[in-house]
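Welcome, and please open your viewer. We will go from stop to stop, choosing something to select each time and looking at what is there.

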Amino acid sequence: SISTAEPGDKKERAAHLRSAANDKTGIVIDTAAVWVGKKFGEFLLSFKNDKGELVYVNKLRRMAETGTHTLAVDFGDIVGHSNVGAFIQQNFIRVETELRKVVESLVREQYREHNIPAPPTSANNYSPSSETEDQDDPQKSPEYWIAFHALSGVHKIRDLKTNLIGSLVSISGTVTRTSEVRPELLLASFNCADCHSRVSNLEQQFKFTEPIVCHNSTCANRARWQLDVEQSKFVDWQRVRVQENPSEIPSGSMPRSLDVILRNDIVEKAKPGDQCVFTGTLIVVPDAYTQAFDTGEPFIM
């Protein structure tokens, strides 16, 4: 259940969750995340500023007109307008995909309403109209992203603890090192080496992730896969090393640092020496390079 739901929403939420749970495709659906996505879409379509302007409807239209793919959302707007703000902040890694689906669906509505030529449909698009649109080359279909900002608090690097893993947080720090921009595999398509069946749009879980088992019921392959690069989707990726600001280092302590991963439109925005506030989700992943070095196995970054 979602503890942040208002009493008046309970019947509507229960009906929506039952509908999602009745999916017959065999895919496991996070019904809470789907419900949050629905409420987030309602917020984007209804939020008005002091002048009575539909702030995010206008932003969505500009995204369609300019071909940009990132929607900037003031987190204070959603906290003051909707009851799902706390759930999004505490469970961001769980709901991010649903929120991005909503943004894509709403941007495509703007394409249709204003007769703007639309790009190919992304694998993530879930709007009913997507069934009639071309699922063209995945490399040409854009991914849509959300950039939350203006969270109520900014954490110091030293304050990051395990209770914040998976949540939406803002941190302050000084950039000390940046990597070159590289392509990152986002959604992968694999061909089974035994029966040649295709497994498409497999989301990568912070490492190179292959299918667990072939979808062909007569094939038991679990290990032999060939990546179909042409049918997979890549995004720009950059690693940034961030260190505590000098004013935040306790007397007699060594400065602490962590890596921040930048994707898509925000790569190449920060350079060494910049003091920045980063907003994103805190995750912990194995050091792939160290594992590969210790075991002698090849690794892909």
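## First stop: two unusual backbone angles

Select Asn201, which is found in strand β6, residues 198-203. Keep in mind as you look around that this is a predicted model. What is the sign of phi in Asn201? The value is positive, near 55 degrees, in a residue other than glycine. As general background, most residues other than glycine have a negative phi. Asn201 is partly exposed, with a relative accessible area of 38%.

Now move to Ala150, which also is not a glycine and has a positive phi of about 60 degrees. Look for Ala150 in the loop between β2 (145-149) and β3. With a relative accessibility of 45%, Ala150 counts as partly exposed.

## Second stop: the whole chain

Zoom out and colour by secondary structure. The chain has seven helices and 10 strands. Of its 301 residues, 39% count as buried. The chain exposes about 17,300 Å², and carbon and sulfur atoms supply 50% of that area. Take the contacts between residues at least 6 apart in sequence: 64% of them join residues at least 24 apart.

## Third stop: a cluster of rings

Select Phe40, Phe43, Phe47, Tyr56, Phe75, Phe92 and Phe148 together, and show their side chains. Ring pairs link these residues into a cluster. The count of aromatic pairs comes to eight.

Start with Phe43 and Phe47, whose rings form a tilted pair. Their centres are 5.6 Å apart, with 50 degrees between the planes. Are these residues buried or exposed? Phe43 has a relative accessible area of 1%, so Phe43 is buried. Phe47 is buried as well, at 12%.

Phe47 has another ring partner to find: Tyr56. The centres of the rings of Phe47 and Tyr56 lie 5.8 Å apart and their planes stand at 50 degrees, so this pair is tilted. Both Phe47 and Tyr56 are buried.

## Fourth stop: the start of helix α6

Stay with the cluster member Phe92, and show helix α6 around it. Phe92 has its place in helix α6, and at 7% relative accessibility Phe92 counts as buried. Which residues does Phe92 touch, leaving aside its neighbours within four places in sequence? Phe92 is in contact with Leu99, Phe148, Gly166, Ser167, Leu168 and Thr281. You can also draw a distance between the C-alpha atoms of Phe92 and Ile165: they are separated by 9.6 Å, and the two residues are 73 apart along the chain.

Next, select Ile93, which lies in helix α6 (residues 92-113) too. Ile93 is partly exposed, with a relative accessible area of 41%. Add Phe206, Ile283 and Val285 to the selection, and you have a nonpolar surface patch of about 320 Å².

## Fifth stop: charges

Pick Arg100 and Trp145. The charged end of Arg100 sits over the ring of Trp145, 4.0 Å from the ring centre.

Then turn to salt bridges. Side chains of opposite charge can pair when their charged atoms come close. How many salt bridges does a search of the whole structure find? The search finds 16, and here are some to visit.

- Select Arg108 and Glu104, whose side chains meet in a salt bridge at 3.2 Å, N to O. The two are four residues apart in helix α6, so about one helical turn separates them. Arg108 and Glu104 are both buried.
- Select Arg158 and Glu244, where the closest N and O atoms of the salt bridge are 2.8 Å apart. Arg158 lies in the loop between β3 (155-156) and β4 (168-178), and Glu244 in the loop between β8 (233-243) and β9 (257-263), so the pair ties together parts that are 86 residues apart in sequence. Arg158 and Glu244 are buried.
- Select Arg239 and Asp259, joined by a salt bridge of 3.1 Å, N to O. Arg239 lies in strand β8 and Asp259 in strand β9, so this pair ties together parts that are 20 residues apart in sequence. Arg239 counts as partly exposed at 29% relative accessibility, and Asp259 counts as partly exposed at 32%.

For the last selection, choose Lys38, Lys39 and Glu42. These residues are linked in a network of salt bridges.

Conventions:
Residues numbered from 1 in each chain as written. Predicted model: local features only at pLDDT ≥ 70, side-chain atom pairs only at ≥ 80, totals over all residues. Heavy atoms only, no water. Phe/Tyr/Trp six-rings, centres within 6.5 Å; stacked < 30°, edge-to-face > 60°. Buried < 20%, exposed > 50% of the residue type's maximum accessible area, 1.4 Å probe, protein only. Lys NZ or Arg CZ within 6 Å of the ring centre and 35° of its normal. Patch = residues over 30% accessible without salt bridge, like charges linked within 9 Å, V, L, I, M, F, W, Y side chains within 5 Å. Areas by Shrake-Rupley, 256 points an atom, 1.4 Å probe, with all protein chains shown as cover. Salt bridge = Lys/Arg side-chain N within 4 Å of Asp/Glu carboxyl O. Contact = heavy atoms within 4.5 Å.
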